[in-house]
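Good morning, and thank you for the time. Please have the sequence and the coordinates open while I speak.

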Amino acid sequence: MAGTRLWVAGLFLLPALVLLGALVVYPIGYSVWRSLFDASGNGFVGVDNYQEVFTDDRIRTALKNNVIWVVVAPSVATALGLVFAVLTERVRWGTAFKLVVFMPMAISMLASGIIFRLVYEQNPDRGVANAVWVGVHDTFSPPAPFPGAHPRDDGLLAESRGAFTTKAVVKAGGATALPLVGAKPADMKGAKDAVPARDVAGKVTGTVWRDFTRGGGGTPGRIDPGEKALEGVTVEAVKDGRTVASATSGADGTFTLPAAADGALLRLPASNFAAPYNGVDWLGPSLVTPAIIGAYIWMWAGFAMVLIAAGLASVPRELLEAARVDGANEWQVFRRVTVPLLAPVLAVVLITLMINVLKIFDLVYIIAPGASLDKANVLALQLYQSSFGTDVNQGVGSAIAVFLLVLVLPVMYVNLRRIRRERRR
């Protein structure tokens, strides 16, 4: 009877075992065998492919990035999930918040990669991250009023490190013309017509304007009808390399300097014409890996939150209330009671995410631009490039696959031991 049951169980398990062997056991065995041969698959090279895994610069970069991923991404995602799970228990709209945080899990890695490729776009007009960053920066450090503006090539102003200085000293009681060209039309919106500055006894006056007449015509160096004033331009009076006075041009382009400017050179500082702040190069070589990890956390923090919230729902409320009655504050209750009781759930989330990030491929491949792809490289991506890229060497690719399996095995072993301990309880 027992033998019959064993045969029946075997028959039911046979399809699953065949699929397991075809889709898991055979590929692992073939990868181990293929990793011992060269690129052609005919020459036996032993462990040479594994030696290349640890000596090739690209693969070593991928290994270093994988270490960063395993340490940072699961830890931050789990911590955020824990915070979200605890806080949403205390607000009336907690369910709606959980839905919003978990929603990225419904989006594929491909779609998320495309979304964050746009989020990290360098141009602030397109990239959300830089739009926010530039907005904050410009709040505390206003941009130059007329980036790119410059004088004509007529010798009236000399250029030095982006600043423009008159070649001749100015005298009190006289007006000085400071004509500029190159101001962008977008920066001239709402500009008023420029007017000639009046002579003021004992003071230095002048006008800063865009010396350009639409449709051509006009006299260079003279304010012609319709030419626009440059408002907000800083003008400095310099003597012996030292600024003795400064003023800012008004809405009509005029400025007035005190008597101290008599006999000085007038300088238009480079800050008037500096290029606008363009934000952070999120996908540059130095920040591309943290930026992609940020996209991953955006996706998986909701997963961590849902699992931890489920574990939190099973925590006996009597223990929390008892701790509060004994005088513990909320932080002490969280650190000394809630977190220890959630330790098994936190371990599940952490281990799951660690296994997941060891196989990360999609986000890196989609988000990282070609110029930064080598700096953002990870083992799964290098496996793809070595096996199917331009420089194909499936021996090295198979060695990377085996190495990835070896890296995952300890994490799986720890997870299995944890499951067995829970079953014994």
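Let me begin with strands S4 and S7: S4, covering residues 204-210, pairs with S7 in the antiparallel sense, and four bridges make up that pairing. Within it, Thr-207 stands opposite Thr-254 of S7. I should say at once that this is a predicted model.

The pairing I have just described belongs to an open sheet of three strands, ordered S3-S4-S7, in which the pairing is mixed. Its edge strands are S3, residues 175-180, and S7, residues 254-257, and each of them pairs on one side only. From one strand to the next, the twist averages 25 degrees.

The other half of that mixture comes from S3 and S4. These two strands run parallel and are joined by six bridges. As one example of the register, Ala-175 has Thr-205 in S4 as its bridge partner. As a reminder, strands of a sheet pair through backbone hydrogen bonds, in either a parallel or an antiparallel arrangement.

How many of the residues of S4 are buried? The count is seven of the seven, so S4 is largely enclosed by the rest of the structure. The cut-off behind that statement is a relative accessible area under 20%. The two faces of S4 can be listed separately: Val-204, Gly-206, Val-208 and Arg-210 lie on one side, Thr-205, Thr-207 and Trp-209 lie on the other, and all are buried, so both faces are covered. Note that Thr-207, which stands opposite Thr-254, is on the side shared with Thr-205 and Trp-209.

I now turn to the second sheet. This is an open sheet of five strands with antiparallel pairing, in the order S1-S2-S8-S5-S6. Strand S1, residues 157-160, and strand S6, residues 242-248, are its edges, and each pairs on one side only. Neighbouring strands here are turned against each other by 30 degrees on average, with direction ignored.

At one edge, S1 runs antiparallel to S2, residues 163-166, and four bridges join the two. Leu-157 finds its bridge partner in S2 at Thr-166. The loop between S1 and S2 contains Arg-161. Its backbone deserves attention when you inspect the torsions: Arg-161 has a positive phi of about 55 degrees although it is not a glycine. Is Arg-161 buried or exposed? Its relative accessibility is 83%, and it therefore counts as exposed, the threshold being over 50%.

At the other edge there is a second entry of this kind. Asp-240 lies in the loop between S5, residues 234-239, and S6. Its phi is near 55 degrees, again a positive value in a residue other than glycine. With 85% relative accessibility, Asp-240 counts as exposed.

One further loop residue concerns the connection between S7 and S8, residues 265-268, where Ala-260 is found. Ala-260 is partly exposed, at a relative accessible area of 36%. Leaving aside residues up to four places away in sequence, Ala-260 touches Lys-239 and Val-244. Ala-260 and Ala-172 are 88 residues apart in sequence, yet their C-alpha atoms are 8.8 Å apart in space.

Let me move to the helices, starting with H7. Helix H7 spans residues 288-313, which is 26 residues, and reaches 38 Å from its first C-alpha to its last, close to the 38 Å expected at 1.5 Å a residue. H7 nevertheless contains a kink of about 35 degrees, centred on Trp-300. Of its 26 residues, 19 are buried, so H7 is largely enclosed by the rest of the structure.

Which residues of H4 meet H7? They are Lys-98, Val-101 and Phe-102, and on the H7 side the contacts involve Ala-301, Gly-302, Phe-303, Met-305, Val-306 and Ala-309. The axes of H4, residues 94-102, and H7 come within 7 Å and cross at roughly 140 degrees. The two helices are therefore oblique to each other. In general, an α-helix has 3.6 residues a turn, so residues three or four places apart point the same way.

I close with a single residue in another helix. Gln-385 sits in helix H12, residues 379-388. It is buried, because its relative accessible area is 18% and the cut-off is under 20%. Beyond residues up to four places away in sequence, Gln-385 touches Leu-373, Asn-377 and Asp-391.

Methods:
Residues numbered from 1 in each chain as written. Predicted model: local features only at pLDDT ≥ 70, side-chain atom pairs only at ≥ 80, totals over all residues. Heavy atoms only, no water. Buried < 20%, exposed > 50% of the residue type's maximum accessible area, 1.4 Å probe, protein only. Contact = heavy atoms within 4.5 Å. Expected span 1.5 Å × (residues − 1). Bend = angle between axes of the 7 residues up to and from the residue. Pairing = 2+ DSSP bridges. Axes fitted to C-alpha atoms, helices over the stretch in contact; angles between N-to-C directions. Parallel < 35°, antiparallel > 145°, perpendicular 65-115°, else oblique.
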